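Biologist: I am new to this structure, and I would like a close look at one part rather than a tour of the whole. Please start from one connecting stretch of the chain and work outwards from there, explaining your terms as you go.

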Amino acid sequence: MSIPDDGSPVIATPRLRLRAPKVADAPKIAALANDPEVARMTTRMPHPYSLTDAESFLAACATNDPAQETVFAIEHDSEGLVGMLGFHPGEDGRTELGYWLGRPHWGQGLATEAAAAALVWAGQDWKRRYLLAGHFADNPASGQVLCKTGFLYTGDVVLRHSLARGAPAPTRMMVWLA
Ligand SMILES: CC(C)(COP(=O)(O)OP(=O)(O)OC[C@H]1O[C@@H](n2cnc3c(N)ncnc32)[C@H](O)[C@@H]1OP(=O)(O)O)[C@@H](O)C(=O)NCCC(=O)NCCS
C-alpha cells in the first residue's frame, strides 16, 4: 500500500493497481458498466448505464467520507481500468464490500486478486475488524470470489432490490473477520 499526495490509498497486486477513481475514468466506466450482465448482479447500477451515470457516480465518490466509505478503480497493468471495488455502509450501517468487472475481464482471477488485496488493506490500514458482503443467489461467481477471499456464509438470505432488474432478488449474506 502507498499513499500519494492526495492522501488516498493505492493498493498494488501482481497485475492490478487499486486507486482512487478520477473524473477522466468516466468514459471507460460507462463503456464497461453499460452491460446488463454486470448491472443485474448489483443492487445500485442502473441499466442502461450512461456517461452521465458514470459522472454522477464519480461526483458522489468525491464527497465520500473516507472513514466510512472508500471506492477504488481497479486498473490492470496492460488493460487500464477494468472495474471498480468499494467498501460502503450497508443498510444497517455496517461496512459492505462490493465490486464489478467489465465482462471482457471476467474469468482471469482478477476480482479475487483485487478483493484479496483490498481486504488486507481494510484490515491492516483501514482497521476494520469485520466486513459484510452479499451476492444475489443467482450469482455463484461472486460467491466463489467471496469464499476464496475468506468470507463465510452467515446463513441469512435477504431480499435486496436490484435497480437494473427493477425487482428484489434473494441475496446470500456473508461475513469476513480480520
Ligand atoms: C463476479 C465477478 C466480479 C467475478 O469476476 P472474475 O474476475 O471473473 O472472478 P474470478 O476469476 O476472480 O473468480 C471467479 C470464480 O467464480 C467461479 N465461477 C464462475 N462462474 C461460476 C458459476 N456459474 N458457478 C460457480 N462458480 C463460478 C470461477 O470458476 C472462479 O472460481 P475459481 O477460481 O475457484 O475457479 C464478475 O463476474 C462481475 O463483475 N460480475 C458482474 C458484477 C457482479 O457480480 N458483482 C458482484 C456483486 S456481489
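Modeller: Helices (H or I, at least four residues) and strands (E, at least two) are DSSP runs numbered from the N terminus. The model is predicted, so local features need pLDDT of at least 70 and side-chain atom pairs pLDDT 80 or more, while totals for chains, interfaces and linings use all residues. Residues are numbered from 1 along each chain as its sequence is written, and side-chain values use heavy atoms, without hydrogens or water.

The stretch I have chosen is the loop between α4 (110–124) and β6 (130–136), where K127 is placed. K127 is not a glycine, and yet its phi is positive, at about 60°. K127 counts as exposed because its relative accessibility is 59%, where exposed means over 50% and buried under 20%, with partly exposed in between (1.4 Å probe, protein chains only). R129 belongs to the loop between α4 and β6 as well, and R129 too is exposed, with a relative accessible area of 54%. Leaving out residues up to four places away in sequence, R129 touches G123, W176, L177 and A178, contact here meaning heavy atoms within 4.5 Å.

From R129 we can look across to H47, which is 82 residues away in sequence and 34 Å away in space, taken from C-alpha to C-alpha. H47 is joined to P48 by a cis peptide bond, with omega about 0°, and P48 sits in the loop between α2 (36–39) and α3 (51–62).

Next comes another loop, the one between α5 and β7, in which F151 is found. In contrast to the exposed K127, F151 is buried, with a relative accessible area of 2%. The C-alpha atoms of F151 and L131 lie 8.7 Å apart, although the two residues are separated by 20 places in sequence. Beyond residues up to four places away, the contacts of F151 are with L97, L119, L131, L132, A133, L146, M174, V175 and W176. W176 is thus shared, since it is touched by R129 and also by F151.

β7 (residues 152–162) itself contains R160, a residue that is buried at a relative accessible area of 12%. The side chain of R160 makes a polar contact of 2.8 Å with that of E96, a polar contact being two N or O atoms within 3.5 Å (within protein, a possible hydrogen donor and an acceptor, with sequence neighbours counted only if both atoms are side-chain atoms). Not counting residues up to four places away, R160 touches T43, E91, E96, F136, A167, P168, A169, T171 and M173.

E96 also leads us to H88, because E96 is one of the residues that H88 contacts, along with R44, E69, V71, R94 and T95, once neighbours within four places in sequence are set aside. H88 lies in strand β4 and is buried, its relative accessible area being 15%. With R44, H88 also shares a polar contact between side chains, of 3.1 Å.

The helix and strand that flank our starting loop also take part in the largest pocket, for α4 and β6 are among the elements that each supply at least two residues of its lining, as are α2, α3, β4 (80–89), β5 (95–101), α5 (140–148) and β7. A pocket is an open set of points on a 1 Å grid over the protein atoms alone, with protein on both sides within 12 Å along at least five of seven lines, and its lining residues have an atom within 4 Å of a point. The lining of the largest pocket comprises 47 residues, and M41, T42, G98, Y99 and W100 are those nearest its centre. β5 gives the most to this lining, with six residues.

Y99 appears again around the ligand, where Y99, G107, T112, N139 and K148 come nearest of the 22 residues around it, those with a heavy atom within 4 Å. Oxygen atoms of the ligand lie 2.8 Å from a polar backbone atom of G109 and 3.0 Å from a polar backbone atom of A111. K148 approaches through its side chain, a polar atom of which is 2.5 Å from an oxygen atom of the ligand.

Notes. 1 Å grid on protein atoms, 1.4 Å probe; cavity = no way out; pocket = protein on both sides within 12 Å on 5 of 7 lines; lining within 4 Å.
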